[in-house]
Amino acid sequence: MAQLDLTNVASGADSDAAREAIVDYIATQEHKGLLRFLTCGSVDDGKSTLIGRLLYDAKLIFEDQLSTLKSDSLRHGTDGENIDFALLVDGLEAEREQGITIDVAYRFFTTERRKFIVADTPGHEQYTRNMATGASTADLAVLLVDARNGIATQTRRHSFIASLLGIRNVVLAINKIDLVDYSEERFEEIRAEYEQFAASFEFDTLTAIPMSARFGDNVSSISERTPWYKGPSLIEHLETVEIGDTSRERPFRMAVQWVNRPNLDFRGYSGTLASGSVKPGDEVVVAASGITSKVDRIVTMNGDLSQAVAGDAVTLTLADNIDISRGDLLASAANRPEVSDQFAAHLIWMTEAPLLPGRPYLLKCGAKTVNATVTDLKHRIDINTFEHLAAKKLDLNEVAFCNLALSEPIAFDPYEANHDTGSFILIDRRTNATVAAGLIWFGLRRATNIHWQALDVDKAARSHLKGQKPAVLWFTGLSGSGKSTLANAVERKLLALGNHTYLLDGDNVRHGLNKDLGFTDADRVENIRRVGETARLFVDAGLIVLVSFISPFRSERRMARELVEDGEFLEVFVDTPLEECKKRDPKGLYKKAEAGEIKNFTGIDSPYEVPENAEIRVDTTEGAPDVVADRIIAELKARGIVT
Amino acid sequence: MSLDRTSHLKRLENESIQIIREVAAEFSNPVMLYSIGKDSSVMLHLAMKAFYPSKPPFPLMHIDTTWKFREMIQFRDDTAKQLGIDLIVHSNTDGIRDNINPFDHGSFYTHTMKTDALKQALDKYGFDAAFGGARRDEEKSRAKERVFSFRSSSHGWDPKNQRPELWHLYNARVAKGESIRAFPLSNWTELDIWQYILAEDIPIVPLYFAAPRPVVERDGLLIMADDERLPLNPGETPQPRMVRFRTLGCYPLTAAIESDATTLPEIVSEMLIARTSERSGRLIDKDESASMEKKKREGYF
Ligand SMILES: Nc1nc2c(ncn2[C@@H]2O[C@H](COP(=O)(O)OP(=O)(O)O)[C@@H](O)[C@H]2O)c(=O)[nH]1
């Protein structure tokens with residue numbers, strides 16, 4: 001690794017030439033950039049060994065540490081006579097005894113081109129929390145895999161968390177390549193598998209490197225034992241990889257951390273620019289109040305600046321005397337953040353006591369702390385399969401998509417656009433523990449302060465008058481399975497029997513109530529939520545509601561089910577084989593999807609999760625719609641819904 | 001020399017200032033522990049920057065074991081006066097009364113005059129946050145230290161019960177009696193510290209520079225006879241040698257190194273070729289490598 005060669009300087013540190021060399025060296029050091037990365041992998045993939053080697057190669061292990069290391073290796077080491085580099089980095093006593101790494105540790109090393117801060121995070125199943133912590137400040141992730149084992153469940157999980165936290169640069173370190181005879185074939189196999197699976201994460205760079213952390217192959221220099229490998233060594237890559245940092249190009253944001261008032265003549269606002277840049281004369285807005293002013297000075301101890309940019313810790317004074325306090329977000333008046341007291345966000349739960357919707361927590365976003373509750377746990381995400389699951393609570397290390405309501409509006413940006421103004425933590429009000437990390441997706445501007453009104457005429461009264469038991473008949477199935485035809489037929493028969501009904505059809509609802517929603521996962525969930533809520537209101541009105549919706553995900557159907565009372569929700573699984581649906585293709589959609597013209601089409605490139613306990617299952621290939629509809633009516637009679 | 005916008009030193013400076021401001025804004029009674037060493041000098045300089053044109057809204061506190069180098073004490077008093085900052089000096093008066101000293105009492109001395117003294121002072125003034133100049137690169141057990149390190153009401157540190165720190169968001173909530181130690185220099189290395197001192201022209205105690213000083217050699221370590229309290233063995237007379245200190249503490253416990261480095265660039269060059277790490281000059285660390293962790297659990301800073 002490139003380091004200043006000081007062997008000559010050592011003997012003559014007082015010669016002028018040597019001094020000059022040092023001054024030059026320090027000058028170049030000052031202009032070095034900084035790269036923060038995190039390492040992750042399953043236990044024993046060789047993370048600690050790799051970091052130990054990076055530090056060793058950077059000559060940062062001084063001799064006395066090395067001798068401690070040698071004696072430690074004899075005591076704890078798993079590596080016989082050799083130095084076990086892992087011991088250099090496994091810090092705390094308890095975990096050394098157990099031989100595992102259990103917390104995030106930060107390491108530092110420097111090369112000629114960059115200074116590095118490494119977040120070392122453990123691979124244990126239960127430590128999502130630590131990895132998210134390390135990832136929150138990292139520019140890049142090094143994912144280790146053991147060449148013998150290939151892509152493991154943990155690799156998938158770590159990729160997901162890295163991507164969730166917004167890491168856009170990934171190194172796939174295919175380690176222990178020595179144990180597979182430096183095989184190119186094996187390397188390519190793992191690389192291909194990973195690339196395929198990681199495609200959806202949209203990383204900006206993904207670099208696979210064959211490596212032996214233990215023997216140093218392709219760590220700081222290219223190894224002769226992998227002549228087939230034409231890429232960079234790990235260090236070379238880390239020194240040169242471009243981190244697409246666009247924070248300066250984005251709109252100006254600065255949270256006021258501290259109001260600076262040394263005397264009556266000076267009133268400044270101290271904070272760090274989260275993004276963008278600002279100059280004296282620029283128009284800025286206090287986001288939450290909407291009051292604007294112009295920047296007067298940018299004050300620092302080294303003199304006033306003509307411009308401050310993202311990352312700078314400065315003090316601003318404004319042209320007008322306006323009311324600003326700690327926690328306010330100053331922003332570009334031309335490009336303002338969202339302001340809302342409700343938003344949708346991903347939560348990573350970080351403590352033993354589970355998250356319960358409705359329980360109040362403290363929420364800290366930037367320099368602002370407010371009260372917050374999770375009003376709606378929309379779904380939990382299985383971080384191994386990325387499946388969306390229904391959830392009523394959230395346990396340690398689980399990730400969920402939620403709506404939160406705050407005690408007052410705050411200013412924020414989506415996390416994607418700004419990690420600093422789009423992130424928050426939740427704090428338990430009793431224990432003061434940090435219980436969750438949050439990533440904001442979008443603000444929700446729903447009516448606030450609208451409470452349920454208690455009414456004299458209730459559901460029982462309304463349905464009694466209609467001589468029926470209210471219910472939701474939820475028709476689910478593939479596109480073209482016959483849901484709508486069937487729902488129609490059932491409704492006609494119910495009408496004929498004197499029942500009061502209403503039919504909600506997926507396609508029709510999308511033209512009105514849900515016309516603002518697209519087909520992203522979040523929109524699909526919101527789509528179902530609205531339909532579920534509407535069905536609930538109609539049930540409350542005493543009606544028999546027929547819903548005809550593909551609704552491919554179990555979690556969503558469960559969500560709709562949970563909105564109404566037990567026994568009121570009947571899932572009707574229209575189980576027509578995919579081949580038959582394709583053959584029918586009444587709207588020509590399958591043809592388009594197969595041609596790649598429609599994305600995320602259920603049954604083609606998006607899954608349909610078959611209902612496990614549908615109340616009613618029908619197969620439309622078994623008879624005419626009328627016949628099948630009769631079967632459903634019979635079932636409703638048997639359940640006492642109609643007479 | 002002014003710092004390049006994109007340099008790693010500027011990024012470190014920005015990060016530290018954000019941390020220092022956050023502590024000042026969130027806690028009702030913070031204090032900055034000032035050990036007079038180079039790291040403290042950098043931390044103090046950053047605090048001056050963080051609040052400019054105001055003064056830092058907290059006092060400095062020095063835990064004086066009464067065995068510090070005289071030049072340190074001089075430097076401490078001059079610095080506080082020059083910057084116009086309140087300085088609290090606290091010593092364990094029980095320890096002074098019982099004549100607890102580094103020669104007769106070994107690690108009990110450290111415990112009494114440093115650990116106990118610190119706890120006494122924190123309790124006496126009711127500080128709920130104390131800045132320290134520790135860096136993560138100093139020692140293995142520090143690598144996992146948080147920036148806001150949570151301490152129980154008995155000042156204990158539980159490595160299993162530290163709060164996760166994400167982004168630049170620090171949880172500053174403490175119950176009555178509990179406190180935090182805040183480490184704004186967490187991500188700095190020793191080299192960064194020296195480079196920054198050079199770039200920002202920060203004053204440091206002259207003991208860091210080589211000069212002829214009276215020393216005795218014991219077990220291969222050079223100990224400076226800073227005053228007449230150093231007990232001399234029969235036949236031992238302090239000899240002037242060209243020495244300097246890589247780290248500063250209590251003079252009987254801090255070994256000097258032979259050196260000709262009289263300027264900052266020379267110090268940095270010595271550091272870069274050093275084959276012994278910083279803390280080995282401090283005698284308290286001679287035991288096991290995990291000893292620091294034990295000390296922290298007991299409340300040593
Ligand atoms: N043969 C070989 N062994 C390795 C390599 N990297 C790590 N190891 C060994 O794998 C074991 C686990 O490594 P460690 O670094 O502790 O894994 P961690 O749990 O990911 O930190 C140790 O015995 C290492 O010596 C490698 O590249 N080749």
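What share of the contacts in chain B with a separation of 6 or more is accounted for by residues 24 or more positions apart? In this predicted model, in which local features need pLDDT of at least 70 and side-chain atom pairs count only at pLDDT 80 or more, totals for chains, interfaces and linings use all residues. Residues are numbered from 1 along each chain as its sequence is written, and side-chain values use heavy atoms, with hydrogens and water left out.

Residues 24 or more positions apart supply 73% of these contacts in chain B, a contact meaning heavy atoms within 4.5 Å. Of the 301 residues of chain B, 65% count as buried (under 20% relative accessible area, with a 1.4 Å probe and protein chains only).

Aromatic pairs, defined for rings of Phe, Tyr and Trp (its six-membered ring) with centres within 6.5 Å, count as stacked with planes under 30 degrees apart, as edge-to-face over 60 and as tilted for the rest; the count comes to 32 over all chains. One of them, edge-to-face, is formed by A:Trp258 and B:Phe51, at 4.8 Å centre to centre and 70° between the planes. Because A:Trp258 lies in strand S8 of chain A and B:Phe51 in helix H2 of chain B, this pair joins two chains (helices, H or I of at least four residues, and strands, E of at least two, are DSSP runs numbered from the N terminus). Both A:Trp258 and B:Phe51 are buried. Within chain B, B:Phe148 and B:Tyr170 form a stacked pair, 4.8 Å centre to centre with 15° between the planes; B:Phe148 is buried at 3% relative accessibility, and B:Tyr170 is buried at 4%.

How values were computed:
Chains are lettered from A and ligands numbered from 1 in the order in which they are written. Buried means under 20% relative accessible area, exposed over 50%, partly exposed in between (1.4 Å probe, protein chains only).
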